[in-house]
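User: I would like to go through this structure with you and ask, for each term used, what justifies it.

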Amino acid sequence: MDRTASHNLDTTLTSQSTNHLSPVLGRVRIVRVALDTPLPTLFDYRTEQSVTPGQLVQVPFRRRQIVGIAWELAQKSKVKPDRLRAISTVLVEMPALSEEWRNLIAFAANYYHRGIGEVALQALPGHLRTPTRWARLFSLSSIQCYRLVEGAAVSLRDNVPIRLRAQRRLAMELIESGVLDAQKARTLCSKASEVIKQWVAGGWVTIETVTLNSAESTFNVLNSSTNNDYAKHIAQIKVANIYKDASLTADVKSTSSSSDEKTLTVCQAHAVSTIAKAIDTRLENSPFTPFILHGVTGSGKTEVYLRTVAKVLQEHKAQVLILVPEINLTPQLECVFRARFPREVLVILHSALAEGDRAQNWLSAHRGKARIVLGTRLSVLASMPYLRLIIVDEEHDPSYKQQEGLRYSARDLAIWRGSHLKVPVILGSATPSLDSWKHAKKGRYICMTMPERGSPDAVLPTVSLIDLEIEKKRQRIVVQEGLSQQLLDAVRDRLKCGEQSLLYLNRRGYAPVLACDACGWVNDCSRCSAHLVLHKLERCLRCHHCGIESRIPNTCPNCGNLDLAPLGRGTQRIEEALSKHFPNARLARIDADSTRRKGSAQGLFEKVHAGHVDILIGTQMITKGHDFRNVTLVGVLNADAALFSHDFRAAERLFAQLMQVAGRAGRAARADSPGDVLIQTRYADHPLFNALIRHDYEGFANQQLEERRQASLPPYTHQALLRAESKKLAQAMDFLKIARTMAKISELADPLLSLWDPVPMSMVRISGIERAQLVIESPSRTALQSFLSVWIVKLRSLRSPVRWHIEVDPLEI
Ligand code: ADP
Ligand code: ZN
Ligand code: ZN
């Protein structure tokens, strides 16, 4: 496929001369540059300076100067020489992006049917895409370096006794890399500056002061952000203090020494050694196999990660990437990893970081300086030249799928990246996704199971159901509040013992509907096909889809009735009810509303960890990963809606969610009082709940897979969506109908391919835009992909005013 195109030239602009014109090198080269445009092409530019693929460049594009990535070099261009514009600047200060990274980007662009430039540029932190930021990012103040004198290696080594371990480390590192910055030297040997002075006197080492620019071109693995990193280090120590509630302090202590004191359980030891074997045999031509670490909540998956990371980091230049599904989970894991690896550079990458920090962290990973990168899905696209291990924690989590722009699955890209590099990928979960589970059953992934909790005194909680039908008959339920007597009694017991309860309801606000008893009016959003949610605390009605807010009406706008009733319950209403039942209890509510302010979520979690909360009420924000030590009761208020969803993945998601929330109970409990999980339901006979009571993930997963197989649903088939959006549904539907006819007759008749009829989406309108979609399905990924590649070109040629996109492997249809 020819990816080049002539760009839209603006003839009124004379192309800018390059900043680095080299009169000696007269030869003009062609560079194909990736730019962030919707066009899936590379753009040709000429240059007379030397350019390496992977370098950042600044080029004129239409009337602007924009940042691109030199993607490949070429001898010739289809663009006429006099129309070929010149590259303005080459960012020599940054090491080129590696071929491995470019391959990853090219794969993602190809697989998800987006432009290479679009994917590549959006994978970079914002500041790197902004030339005005380059100066600050790269020409930081000068730094001090130590350089090994040529030919001095043997003599230096012989002169540093082995028993002086820190000095020896410093010497070996210098011999290995030839040059070291002062900060790195200090981390290797705290007395580095004195030791180096002696070595200078001995004639083995010279001290140099370099500004970053020249440093970069001399040796590009050098750290540029010394002071900044130090400040960050201090900040991170502060984070570490957050989790110092009594029980966790013990943990941090035991892991802070580099000798691992925890005795592994049999299952942990097995997992660690299996992965270790894969790491050791990497160089021999062993086939790539991802690992599934299927461990129940509290089974100690983190310890397996830690040991594996420790093993990988023994290699001189290795880097590891750890993915978590949610920003809120980074501080806790960060803390654990920092405590275990106090001397390693660890950086965080997620979308809520300040742009400057994100750029610094990203660069640190790109330079190979950060050895541990911990981040959310976007970090799967980070440049890590020495990547040797990828961990995807809670791999089943739908948050790994990006829902806009490049609709990628970070988990799937992680697996691709791992297989390409032949490095281990660990997919950790208590409830692996059915996709992964299917691979495990086929033997394509190696599955390691940890069925028991890691800590010897903690056992899995007892899960039981509260049958709401029976409770209702016995009049033991306060209908309006949605709280059964049995659950309230259980909470009261915990309060008496000074233990924490956690109540889970996946719906924020006060009530999902405000309705009129007299005429049946309900408060719908004018712009979405959804009800407005009553927010009592904020005194407004709010749409959870488009964000529009309005005042709460005093009377029915339709009939004037004064009795407007909130129907259903959200977290605010539960909080209100509980504060009536337990006026002396300390309540906390964690949901998207109570954590809107930056940092407030962290504050609330800290309060829970520190034991300043008796009852925690929350949405799925509280279900994931958090190691709440003192929670012994988990109550699930209403999970029934998901049982009858039209989405075939609803059961899989519900099971995972309930297992996760149940896993918050009794994590540090003693065997004489295991945690309790109480689930309120009207469908106490449902097989999903039965599997849950037995903690039977396997039974549930196998049964679900069998259903999917019989119905030919994913993972037994592969899907893509063509989605169209327009102010008028009819227009979107028309576009899809035309799109369907653009598939060839042969394709429509292909037994490997099915194109469904276009349908409006189940939630048609959001923010005044109406949406429809068409599903394309095939048991063969290759067949699906090759169809999409041809089809998308035809769709682009339609130049339709309707907005549309293709989504590969959609999670929601
Ligand atoms: P998971 O991530 O599998 O839900 P964690 O990794 O958070 O579980 O571990 C749960 C708890 O068990 C942690 O407090 C951890 O310190 C403890 N733990 C893990 N492994 C061991 C072990 N081998 N011995 C004692 N305690 C352990
Ligand atoms: Zn009315
Ligand atoms: Zn709305």
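User: Which residues come nearest to ligand 1?

Analyst: This is a predicted model, and in it ligand 1 is surrounded by 19 residues, among which Thr 263, Gln 268, Gly 298, Thr 302 and Arg 629 come nearest. By kind, the shell divides into three nonpolar, 10 polar and six charged residues. At least three of the shell residues come from domain 3 (247–450), and at least three from domain 4 (462–511 + 568–697).

User: What makes the approach of Thr 302 to an oxygen atom of ligand 1 a polar contact?

Analyst: A polar contact requires a pair of N or O atoms within 3.5 Å. An N or O atom in the side chain of Thr 302 is 2.6 Å from an oxygen atom of ligand 1, so the pair qualifies. The side chain of Lys 301 also qualifies, because one of its polar atoms lies 3.0 Å from an oxygen atom of the ligand. With Thr 263 the partner is a polar backbone atom, 2.8 Å from a nitrogen atom of ligand 1. Of the 570 Å² of accessible area that ligand 1 has on its own, the protein covers 86%.

User: Why is the arrangement around the zinc ion (ligand 3) called tetrahedral?

Analyst: Its protein donors are the SG atoms of Cys 525, Cys 528, Cys 543 and Cys 546, lying 2.2 to 2.3 Å from the ion. Four donors count as tetrahedral if all angles lie between 85 and 135 degrees; the four donor atoms here subtend angles of 106 to 112 degrees, and the arrangement is therefore tetrahedral. For comparison, the ideal angle for four tetrahedral donors is 109.5 degrees. Along the sequence the donor residues are spaced C-x2-C-x14-C-x2-C. Cys 525, in the loop between β21 (513–516) and β22 (533–535), and Cys 546, in the loop between β23 (540–542) and β24 (549–550), are 21 residues apart, and this pair links distant parts of the chain.

User: How do you know that Cys 516, Cys 519, Cys 556 and Cys 559 are donors of the zinc ion (ligand 2)?

Analyst: A donor must be an N, O or S atom within 2.8 Å of the metal, and the SG atoms of these four residues lie 2.2 to 2.3 Å from the zinc ion (ligand 2), so they count as its donors. The spacing of these donors along the chain is C-x2-C-x36-C-x2-C. Cys 519 and Cys 556 are 37 residues apart.

User: What makes Arg 539 stand out in its backbone?

Analyst: Arg 539, in the loop between β22 and β23, has a positive phi of about 50 degrees although it is not a glycine. Most residues other than glycine have a negative phi.

Methods:
Residues numbered from 1 in each chain as written. Chains lettered and ligands numbered in written order. Predicted model: local features only at pLDDT ≥ 70, side-chain atom pairs only at ≥ 80, totals over all residues. Heavy atoms only, no water. Near = heavy atom within 4 Å. Polar contact = N/O pair within 3.5 Å; in protein donor to acceptor, adjacent residues only side chain to side chain. Areas by Shrake-Rupley, 256 points an atom, 1.4 Å probe, with all protein chains shown as cover. Nonpolar A, V, L, I, M, F, W, Y, C, P; charged D, E, K, R; others polar. Domains from an automatic or database assignment. Donors = N, O, S within 2.8 Å, 3.2 Å for Na, K, Ca; no water. Tetrahedral: all angles 85-135°; square planar, octahedral: opposite > 155°, others 65-115°. Helix = DSSP H or I, 4+ residues; strand = E, 2+ residues; numbered from the N terminus.
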